Number of protein chains: 2
Amino acid sequence: MGLLVVGSIALDDIKTPFGQIVNALGGSSTYIALAASYFTKPIHLVGVVGDDFSKRHIEMFKKYDIDLEGLQIIKGEKTFRWSGRYHYDLNVRDTISTKLNVFQNFDPIIPDKSRKDRFVLLGNIDPVLQLNVLKQLINPMFTICDTMNFWIERKRNDLLKVMEKLDVFIINDSEARLLSDEPNLIKSAKIIREMGPKYLVIKKGENGAILFSDNVVFYAPAYPLEDVRDPTGAGDSFAGGFGGYLHKTQDLSLENLKRAVIYGSTMASLCVEKFGTKGIENLSSSQIYARFLEFKELSRFEDNTSGLKT
Amino acid sequence: MGLLVVGSIALDDIKTPFGQIVNALGGSSTYIALAASYFTKPIHLVGVVGDDFSKRHIEMFKKYDIDLEGLQIIKGEKTFRWSGRYHYDLNVRDTISTKLNVFQNFDPIIPDKSRKDRFVLLGNIDPVLQLNVLKQLINPMFTICDTMNFWIERKRNDLLKVMEKLDVFIINDSEARLLSDEPNLIKSAKIIREMGPKYLVIKKGENGAILFSDNVVFYAPAYPLEDVRDPTGAGDSFAGGFGGYLHKTQDLSLENLKRAVIYGSTMASLCVEKFGTKGIENLSSSQIYARFLEFKELSRFEDNTSGLKT
């Protein structure tokens, strides 16, 4: 049984103060699948593209051993396109254009073999489609899901239905505040976990990520990067590293989820160092593990005291 | 020899969505001295107040064993007053009024015994005064200094002169970006450390704090607080816990500075739970140590893997 990944596949045009790329392979499930591929296989990708989707992009998925039985290629139509520009402060992004194209009528059909997959990673797409995917699965054991402010605002009720079925819900801090209508992030996390997810991960960009469980809060720092070239895909790479590591280890203990958060942060930090998917291409296992260990060192301190008493 | 603390002493009126206080003891050196008093003594406070400063406030300093030989009480004049209001999102604060009063002509005179102090903690005041203090010291060994955007914008050259003499410079993230004119915080830290300070601590409020040294970055998480009632004095309490712990241990190794950052974060997290100085009053050593240990748990994870190889 494999790791089922469902989300968007896109062709991106990205401009940042440090350069630009056009026609680049993008979309939530692309980053998720690539990042997860370093940890585990098989990865079953379900998505849709048009017949403008190049062989080069197909080859890329194959290179990383990503199973494409669930990839629909719609003849005479075009692939989902996104174009965005980042400001000098990379936290600010303008979407220049979004052309849904084939995505407008996407109906994710899960191939028979993938309906048995017990680990599911739902990338950021319409919660109606996310629900549709979950309904096709025979006996899912562990479901991880991402979303964005657009769906929180426009499809809140559908999103709430998805949330009831989740093991891990992954969102960023502004999305958490929007969803819970609560500025304090710790209270916000409580409110969101009451909506269904067993675990909640709140991503905070350059401020790291936080994992919430019953009475447990775990902080993962952000890797101190001097050169962030393109933040696109960071959150999806996080989800891919997180889910890929969990699928590899098949260990769903809280302690292992903490490690998964660090592997997620590792993949996100590698992603943003280069444009598009380049930061998560051609990595070695030892490169990924070396960064994981650096994360450990970032927040390590020893308590050699026995308190304040003198 | 003691820990010399120089900064403002104020009477504050504070309003937050959770309540308000008037005429409360405040100012940078008040919070610093109180927070540090749990770790070490003697603490030599140098500051100025008017004759409206109540006995109750003097008694408060005495209760925490804070030496007031350097406290100037100016007859016929009034104490520095600050009045501020926090928004629903506690990260946003309006200053309603600032009345410098006695602070306008403050000339910090360091008592003879304190001129020998080797640990100095300069709270946020005019960098001209901070320089003036440093010139009076006989043989300072370890100097810690805080500042704010106002001085970065209005007295940059004086601040740069102070920075040349510092062991530890403590600022928040927006101040770091302002001072360095660089949005990337890691690059910003490099630029600022080149201005003089051996170590730099960047405070990030609800995102923790980062310690920068040569080739070392240490992240302290923020304590996950559901009820932040009043953020006033958090940064000063951080400085007090940080400096108090270092003075107590007299250990200036990087590993001990990391612990000092956690003790600083501990005091800041206790401070914001109540109004004004109330959060750092009447604490027990074991209460402070318990929170220190909770900080350790917040970012702890074990690496039981030997990498990604399967």
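The following paragraphs lead through a predicted model of two chains, from their symmetry and contact to their sheets and nonpolar core.

Two copies of a chain are related by a rotation about an axis and a shift along it. In this model, chain A is superposed on chain B by a rotation of 180° with 0.0 Å of shift along the axis, at an RMSD of 0.0 Å. The copies are thus related as by a two-fold rotation axis.

The contact between the chains draws 40 residues from chain A and 40 residues from chain B. On the side of chain A that touches chain B, the elements giving two or more residues are helix H8 (185-194), strand E13 (216-220), helix H10 (254-271) and helix H11 (285-298) of chain A. H11(A) gives the most to this side, with seven residues. By character, the residues on the side of chain A that touches chain B comprise 20 nonpolar, seven polar and 13 charged. Of the interface residues of chain A, 100% are also interface residues in chain B, so the copies meet through the same surface.

Attention now turns to the sheets. Strands of a sheet pair through backbone hydrogen bonds, either parallel or antiparallel. In chain B, an open sheet of nine strands follows the order E5-E4-E1-E8-E9-E10-E11-E12-E13, with mixed pairing. Strand E5 (66-74) and strand E13 (216-220) of chain B each have a single partner strand and stand at the edges, so one side of each is left without a neighbour in the sheet. From one strand to the next, the twist in this sheet averages 15°. Within the sheet, strand E10 (residues 168-172) and strand E11 (residues 199-203) of chain B are paired in the parallel sense over five bridges; Phe169(B) has Leu200(B) in E11(B) as its bridge partner. Helix H9 (residues 234-249) of chain B packs on this sheet, where it touches strand E1 (3-6), strand E8 (119-122), strand E9 (142-146), E10, E11 and strand E12 (209-213) of chain B. The direction of H9(B) makes about 175° with that of E9(B).

Chain B also holds an open sheet of four strands, in the order E3-E2-E6-E7 and with mixed pairing. Its edge strands are strand E3 (19-26) and strand E7 (93-99) of chain B, each of which pairs on one side only. The twist here averages 15° from one strand to the next. Strand E6 (residues 81-86) of chain B runs antiparallel to E7(B), and six bridges join them; Arg81(B) has Lys99(B) in E7(B) as its bridge partner.

In chain A, strand E2 (residues 10-16) illustrates pairing in both senses. E2(A) pairs with strand E3 (residues 19-26) of chain A in the antiparallel sense over six bridges, and a hairpin through two residues joins E2(A) to E3(A). E2(A) runs parallel to strand E6 (residues 81-86) of chain A, to which five bridges join it. Leu11(A) stands opposite Leu25(A) in E3(A), and its bridge partner in E6(A) is Arg81(A). Five of the seven residues of E2(A) are buried, so this strand is largely enclosed by the rest of the structure.

Finally, the largest nonpolar core contains 184 residues, of which Val5(A), Val261(A), Val5(B) and Val261(B) touch the most other members. Leaving aside residues up to four places away in sequence, Val5(B) touches Ser29(B), Ile32(B), Ala33(B), Ala36(B), Ile43(B), His44(B), Leu45(B), Leu121(B) and Gly123(B).

Technical notes:
Residues are numbered from 1 along each chain as its sequence is written. Chains are lettered from A and ligands numbered from 1 in the order in which they are written. This is a predicted model: local features need pLDDT of at least 70, side-chain atom pairs count only at pLDDT 80 or more; totals for chains, interfaces and linings use all residues. A nonpolar core is a set of buried Ala, Val, Leu, Ile, Met, Phe, Trp, Tyr and Cys residues joined through C-beta atoms within 7 Å. A residue is buried if 20 or more other C-beta atoms lie within 10 Å of its own, exposed if 12 or fewer, and partly exposed in between; C-beta atoms are placed from the backbone. Two residues are in contact if their C-beta atoms, placed from the backbone, lie within 7 Å. Copies are superposed by least squares on the C-alpha atoms of residues with pLDDT of at least 70 in both. Ala, Val, Leu, Ile, Met, Phe, Trp, Tyr, Cys and Pro count as nonpolar, Asp, Glu, Lys and Arg as charged, and the others, Gly among them, as polar. Two strands pair if DSSP finds at least two bridges between them. Axes are lines fitted to C-alpha atoms, for helices over the stretch in contact, and angles run from 0 to 180 degrees between N-to-C directions.
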